[in-house]
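Hello,

I am passing on the structure we spoke about. Please have a look at it before reading the notes underneath.

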Amino acid sequence: MGFNKKIFITDWLMFAYIIFTIVWILIGWENIAEIAKVSPLGLLIKICGISSLIIFLLILNHFTKNPIIQFLRFWYPIFLLEFFYITTTYVHFMFFPEIIDPFFQYLDEMIFGYQPSMVWGTSYDEFFYQEFFHFAYFSYYLMIFGIPFYIYIKKEKKEFIRALFNIMFVFLTCYVMFMILPVVGGRAVEGMRELIETYRHGLFTHIMVFIYKSAEHWGAAFPSSHVAVALTITLVSFRHFKLFGLLLLVNTFFLSWSTVFCHYHYFVDVISGVLFGLIMFFISEVIYAIFGAKKEKYIE
């Protein structure tokens with residue numbers, strides 16, 4: 001059996017997460033319908049439909065060498081991230097009937113004596129600062145696709161699978177936290193949502209306004225997946241090209257800062273994102289070493 005036709009550890013991760021999400025929806029059926037005002041049945045139908053497409057893709061890839069099918073077979077987890085992220089914002093009222101942002105605002109207030117998610121970006125509203133930090137925030141999307149793509153075309157596919165597993169494991173564990181803790185982030189601070197959705201300054205500020213105005217949800221913030229995943233991708237980069245990893249580390253520092261500066265996160269979201277990202281990356285490496293690199297029975 002060719003390598004491209006096997007079932008990878010990331011596939012098992014995706015199916016495990018899908019099963020977890022289905023169980024979560026079934027348990028919180030009434031809360032989802034009453035508080036989120038979204039049809040839980042509709043969510044289940046979408047998730048089951050996506051699961052069927054994944055299975056169909058894996059089967060189809062087994063019988064063809066079509067490069068487009070093979071590309072989709074490797075990359076489908078990343079392409080599904082947005083759907084599952086949005087889903088978390090509908091099912092995060094299991095334990096809390098409303099968002100719990102006031103507690104996290106209180107933590108920031110305890111640390112700084114003010115709300116950095118409100119003050120930093122408004123105190124430095126000049127063109128340069130806004131464009132610089134909005135670019136830093138936007139670079140997150142470039143990292144998600146750019147670094148894995150470089151590994152995909154330059155390294156062995158097994159290296160891509162390992163990197164993809166690291167990234168997806170951190171992403172999906174963040175999503176589990178989002179389901180448990182309904183935290184919106186800086187946009188829940190009075191006046192910040194209007195500011196975030198107002199077109200001003202230059203290209204990157206406009207890009208981020210467009211993204212957030214187009215979103216059908218407020219989002220999820222604790223821990224910061226921006227920070228956790230950016231840190232994970234940086235650590236993956238160190239594994240393959242250390243010099244570029246150093247550059248990404250600098251970028252990740254400013255990206256983390258930008259999440260608060262641009263009013264998307266609380267400062268405690270950033271700290272939790274760093275800690276959560278490091279811990280989950282380490283756990284993903286341990287899991288990969290046990291079920292991926294050493295035994296590989298899962299790919300038969």
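The notes below go through one helix, the cores, the cysteines, a threonine and the aromatic rings. Please keep in mind that this is a predicted model.

Helix 9

Helix 9 covers residues 157-180. Its 24 residues should span 34 Å at 1.5 Å a residue, and the C-alpha atoms at its ends are 34 Å apart, so the expected and the modelled length agree. Of those 24 residues, 17 are buried, which means that helix 9 is largely enclosed by the rest of the structure.

Nonpolar cores

The largest nonpolar core has 64 residues. The members that touch the most others in it are Ile-54, Val-91, Phe-160, Met-168, Phe-171, Tyr-175 and Val-229. Helix 9 is the biggest contributor to this core, giving 15 residues. Another core, of 13 residues, lies apart from it; Phe-138, Ile-196, Tyr-212 and Tyr-264 are among its members.

What does Tyr-175 contact, once its neighbours within four places in sequence are left aside? The list is Tyr-17, Leu-81, Phe-84, Tyr-85 and Thr-88.

Cysteines

The structure has zero disulfides. As a reminder, a disulfide is a covalent bond that joins the sulfur atoms of two cysteines. For Cys-174 the distance gives the reason: the closest cysteine sulfur belongs to Cys-262 and is 19 Å away, too far for a bond. Cys-174 has a relative accessible area of 0% and is therefore buried. Cys-48, in contrast, has 41% relative accessibility and so counts as partly exposed.

Thr-252

Thr-252 is part of helix 13, which runs over residues 242-261. Is this threonine buried or exposed? Thr-252 has a relative accessible area of 5%, under the 20% cut-off, so Thr-252 is buried. Neighbours within four places in sequence aside, its contacts are Met-143, Ala-230, Leu-231 and Thr-234.

Aromatic rings

Searching the whole structure gives 46 aromatic pairs. Such a pair is described by two values, the distance between the ring centres and the angle between the ring planes.

Trp-120 and Phe-267 form one pair, with ring centres 6.4 Å apart and planes at 75°, so the pair is edge-to-face. This pair links distant parts of the chain: Trp-120 is in helix 7 (residues 116-123) and Phe-267 is in helix 14 (residues 267-294), 147 residues apart. Trp-120 is buried, at a relative accessible area of 18%. Phe-267, at 22%, is partly exposed. The limit for buried is under 20%, so the two residues fall on either side of it.

Tyr-140 and Tyr-141 form another pair. Their ring centres are 5.3 Å apart and their planes are at 70°, so this pair is edge-to-face as well. Tyr-140 counts as buried, with 5% relative accessibility, whereas Tyr-141 is partly exposed, with a relative accessible area of 25%.

Both of these tyrosines belong to a cluster linked by ring pairs. The cluster also takes in Tyr-17, Phe-83, Phe-84, Tyr-85, Phe-135, Phe-138, Phe-171, Tyr-175, Phe-178 and Phe-204. Phe-171 and Tyr-175 were listed above for the largest nonpolar core, and Phe-138 for the other core.

Charges over rings

Arg-73 sits over the face of Phe-74, 5.8 Å from the ring centre. Lys-157 sits over the face of Tyr-152, at 4.5 Å from the centre of that ring.

Regards

Key
Residues numbered from 1 in each chain as written. Predicted model: local features only at pLDDT ≥ 70, side-chain atom pairs only at ≥ 80, totals over all residues. Heavy atoms only, no water. Helix = DSSP H or I, 4+ residues; strand = E, 2+ residues; numbered from the N terminus. Expected span 1.5 Å × (residues − 1). Buried < 20%, exposed > 50% of the residue type's maximum accessible area, 1.4 Å probe, protein only. Disulfide = S-S within 2.5 Å. Core = buried A, V, L, I, M, F, W, Y, C linked by side-chain atoms within 4.5 Å. Contact = heavy atoms within 4.5 Å. Phe/Tyr/Trp six-rings, centres within 6.5 Å; stacked < 30°, edge-to-face > 60°. Lys NZ or Arg CZ within 6 Å of the ring centre and 35° of its normal.
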